[in-house]
Amino acid sequence: MNKDIATPVRTKAILEKHGFSFKKSLGQNFLIDTNILNRIVDHANLTEESGAIEIGPGIGALTEQLLRRSKKVVAFEIDQRLLPILEETLAPYPNKKIIHQDVLKADVASIVAEEFAGIEDVMVVANLPYYVTTPIIMKLLEDKLPIRGIVCMLQKEVAERIAAKPGNKDYGSLSIAVQYYTEAETVMIVPKTVFVPQPNVDSAVIRLTVRETPRVSVKDEAFFFTVTRASFAQRRKTILNNLTSQLPSGKEKKEQILTSLSEANIEPTRRGETLSIEEFAVLSDALYPYFN
Ligand code: SAM
C-alpha cells in the first residue's frame with residue numbers, strides 16, 4: 001500500500017515541497033491522523049461498490065482513504081493551488097475525479113448523475129470548511145441528491161445544533177431543517193490536535209441518513225421553513241409573539257395566528273424550542289391559508 005498522506009511528517013513534506021501556505025479564509029485545516037480518518041470513513045459504511053463525494057479534498061488526506069474503500073470518488077476543491085498537489089499525491093489512485101469548483105455554485109445534481117452512473121450507493125464524506133458548513137449541508141439536502149447520507153466533520157457547536165431535540169437549548173430552525181430531510185446523529189468528538197493548523201473551535205463528526213420521504217408531510221415546504229425560522233426569531237419570546245412579529249402584516253394577523261395555534265393544539269405561550277417537528281408541520285398547515 002502507498003504511504004498515507006495524513007501523517008504529520010508526510011503532510012509537512014508535501015506542503016514544503018509545493019511551498020503551500022494555508023488560507024484561513026477557505027477554512028483550510030488539514031487532517032494529519034489516519035486513525036481518525038479511518039474512523040470517519042467507517043461511519044460512512046462504504047463498500048467496494050459505493051461512490052463517495054468529497055467537499056474540499058485539501059492535499060488528499062481523506063480522499064485517499066475514500067479511494068481505497070470505494071469504487072469512485074468525486075471531489076470539489078475551490079483552491080486552484082491544490083490541484084497540482086492532488087494530481088501528485090493521488091497519482092496512485094485512478095478512480096477519482098477532482099472538480100475545481102466552489103461546491104456552492106456547482107450543479108452537483110448533474111455531476112452526480114453523470115459521474116456515478118451505474119453506482120447505486122453514494123455517500124458524501126467530508127471534513128468541511130468551517131466558514132460555510134451550514135450552507136454546504138443545506139445545499140446538499142435541498143438539491144435532493146440521490147445519496148444515502150452525509151458523514152462530515154464540522155464545528156462541535158454546529159453539530160450540537162443540527163442533532164438537537166425539542167426542549168434542548170441548541171434546538172432551532174437548523175435542527176428542524178436538517179432533521180426534516182435526515183436522521184441526524186453526532187458520532188465522534190474530535191480534538192483540535194489532529195489538524196494542521198489547529199482550528200480555534202472543537203470539532204465533531206455527524207452522520208445524516210437521508211430519509212426516504214421527509215419526516216413530516218406539509219402543504220408547502222418553503223412556508224414550513226418560514227414558520228420554523230419565524231418561531232425562533234427571538235428565543236425568549238413566545239411562539240405567538242414571534243409569529244406575530246415575523247409573519248407578513250395583515251389586519252387580522254394576531255387572530256389568525258391564535259386560531260391556527262388552537263387548531264394545532266399548541267398553547268400560544270409556548271416557546272418555539274418546545275415544539276416537535278410534527279407540531280410545526282400541523283401549525284404551518286393551519287397558518288398556510290391565511291398567509292398564502
Ligand atoms: N479534506 C482535507 C482534509 O481533511 O485534510 C481538507 C479539509 S479543509 C477543512 C477544507 C477544504 O475545503 C480546503 O481544502 C478548502 O480549500 C476547501 N474549500 C473551502 N471552501 C470550499 C468551497 N466553497 N467549495 C469547495 N471546496 C472548498
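What distance separates the centres of domain 1 and domain 2, taken over C-alpha atoms? In this predicted model, the separation is 35 Å. Domain 1 covers residues 8–210, and domain 2 covers residues 221–291. The two domains are in contact. Domain 1 gives 13 residues to this contact, and domain 2 gives 14 residues.

The ligand was examined next. The space taken by the ligand is the largest pocket. Around the ligand stand 23 residues. Those that come nearest are Leu 31, Gly 56, Glu 77, Asn 127 and Tyr 131. By class, the shell around the ligand holds twelve nonpolar residues. Seven polar and four charged residues complete this shell.

Polar contacts link the ligand to acidic side chains, as three cases show. In the side chain of Glu 77, an N or O atom is 2.6 Å from an oxygen atom of the ligand. Glu 77 is also among the residues that come nearest to the ligand. For Asp 102, the distance from a side-chain N or O atom to a nitrogen atom of the ligand is 2.9 Å. For Glu 54, a side-chain N or O atom and a nitrogen atom of the ligand are 3.1 Å apart. These pairs count as polar contacts because each lies within 3.5 Å.

The ligand is also covered by the protein. Taken alone, the ligand exposes 590 Å². The protein buries 99% of that area.

Technical notes: Residues numbered from 1 in each chain as written. Predicted model: local features only at pLDDT ≥ 70, side-chain atom pairs only at ≥ 80, totals over all residues. Heavy atoms only, no water. Near = heavy atom within 4 Å. Polar contact = N/O pair within 3.5 Å; in protein donor to acceptor, adjacent residues only side chain to side chain. Areas by Shrake-Rupley, 256 points an atom, 1.4 Å probe, with all protein chains shown as cover. 1 Å grid on protein atoms, 1.4 Å probe; cavity = no way out; pocket = protein on both sides within 12 Å on 5 of 7 lines; lining within 4 Å. Sits in = over half its atoms within 2 Å of the grid points. Nonpolar A, V, L, I, M, F, W, Y, C, P; charged D, E, K, R; others polar. Domains from an automatic or database assignment. Contact = heavy atoms within 4.5 Å.
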